[in-house]
Amino acid sequence: MKLAILSRSPQCYSTRRLREAAEQRGFKVKVLNTLHFAIDLKQAEPDLFFRQKPLSDYDAVLPRIGSSITYFGTAVVRQFEQMDIFCANSSSGISNSRDKLRSLQILSRHQIGIPQTTFVRDKKDVLPAIERVGGAPVVIKLLEGTQGIGVLLAESVNSAKAIIEMLQSQKQNVLIQKFVAESKGRDIRAFVVGDRVVAAMRRVAQGQEFRSNVHRGGVTEPIELDETYCKTAVRAAQIMGLRVAGVDILEGIDGPQIMEVNSSPGLEGIERCTQLDIAGVVVDYIAAQVDFPEIDLRQRLTVSRGYGVTEIHIPEGSEYIGKEINESGLRDKDINVLTLYRGTTVIPNPRSSRQLESGDRLLCFGKLELMRHLIPAKTRRKRRPKVQDLPELPVAEEVLSESVKPVTDS
């Protein structure tokens, strides 16, 4: 296997360890500065140049994209994907996880614990937003930040309001988040590779510092996570679209609360704490998965006219409850069930003998017209809305009146 590590810091611990682990296993590996790529786009031949020369062939790519170059870095990773080269983390996964608001929006769609969070821009919305997350103290976060930078704890409503207004005056977007008091000063970092947690550590803040990041002086201890925490960490990484991730979890009264999912987790802290070969696990995983590059399902499954992917709900009282998938008649209607979601359980490629239950959600691929009657009425949309003439309304009349003006010779 020939592996490319995308990194601007070849001398940092994480990059050196990953290279070392790959070489130990007899793989060819090169560290490539992400900013030295050029992206070439032409019909049916996506290509990359590195330092003004055509890029040589690689079997796999391990992106280590820093937050300061997210846009260009994800563009480079996306190009590798278009060239059908395996990427340990997808471009969309990196983008999703890098933006704290976007990542929480995605996670909130699923049955997974997250701290109650709100995002506001209008000053009038600040105080009601603080109340909605449980009142002071609250955590205030910049949308993009790493290693605890841009994370503040406001002890009172007035100080929270002042901090938010000050940050907004500097054109900063901020999140207001519930303070999980029982987890003050500590959190868990779970290192996810593929579909399992390969290592975990608890980080504990020191002194008056409430942020537990190692870069902020936090101390660590290795821990064994129970099944609930492991399952939550793996699902969070998978929902984000990441195969390799550092998942930060708060220990709440009601169970694990996902704080952040990191697409470029550092190795030094967790390898030092656990004394486990995390870099080796990452390289072994890439070697095992190299034949399965990221596929953009939207691109691949929607190129057939009239076909697409949608989610079908099985509500209370549905005629499908109690029927097996092969008895439902879906296949006869050219509808294939790709995945069945039942509560927090995900059942990929469910057996045809699987019995359907109330509340099931079916991710299906098939003819959109035949799936239309299975979609709840409130989510239905016209497939191809007819283009109408401009109506006689105040705003539309601003251009209507101009369009009927006589054309005069100049």
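**Close-up 1. What the buried side of helix H6 packs against in this predicted model.** The buried residues of H6 touch helix H5 (126–132) and three strands: S9 (138–142), S10 (151–154) and S11 (174–178). Those buried residues are Ala 160, Ile 164, Leu 167 and Gln 168. Look down the axis of H6 and they fall within an arc of 100 degrees, so they line one face of the helix. It helps to remember that an α-helix has 3.6 residues a turn, so residues three or four places apart point the same way.

**Close-up 2. Helix H6 from end to end, and what follows.** H6 runs over residues 157–169, 13 residues in total. From its first C-alpha to its last, H6 reaches 18 Å, close to the 18 Å expected at 1.5 Å a residue. After the helix comes Lys 171, with a positive phi near 65 degrees.

**Close-up 3. The buried side of helix H4.** H4 covers residues 100–107, and here Lys 100, Leu 101, Ser 103, Leu 104 and Leu 107 are buried. They take up an arc of only 165 degrees around the axis, which puts them on the same side of H4. Their packing partners are helices H3 (91–98) and H7 (227–240), along with strands S8 (117–119), S9, S11 and S16 (255–262).

**Close-up 4. Where helices H1 and H9 cross.** H1 (residues 13–24) packs with H9 (residues 278–289) at an angle of about 60 degrees, and their axes are 8 Å apart. The two are therefore oblique to each other, and their crossing is right-handed. From H1, Arg 17, Leu 18, Ala 21 and Ala 22 meet Ala 279, Gly 280, Val 282 and Val 283 of H9.

Notes:
Residues are numbered from 1 along each chain as its sequence is written. This is a predicted model: local features need pLDDT of at least 70, side-chain atom pairs count only at pLDDT 80 or more; totals for chains, interfaces and linings use all residues. Side-chain values use heavy atoms; hydrogens and water are left out. Helices (H or I, at least four residues) and strands (E, at least two) are DSSP runs, numbered from the N terminus. The expected span of a helix is 1.5 Å times one less than its number of residues. Buried means under 20% relative accessible area, exposed over 50%, partly exposed in between (1.4 Å probe, protein chains only). The arc is that of the directions from the helix axis to the C-beta atoms. Contact means heavy atoms within 4.5 Å. Axes are lines fitted to C-alpha atoms, for helices over the stretch in contact, and angles run from 0 to 180 degrees between N-to-C directions. Angles under 35 degrees count as roughly parallel, over 145 as roughly antiparallel, 65 to 115 as roughly perpendicular and the rest as oblique. A crossing is left-handed if the near helix is turned anticlockwise from the far one by less than a right angle, and right-handed if clockwise.
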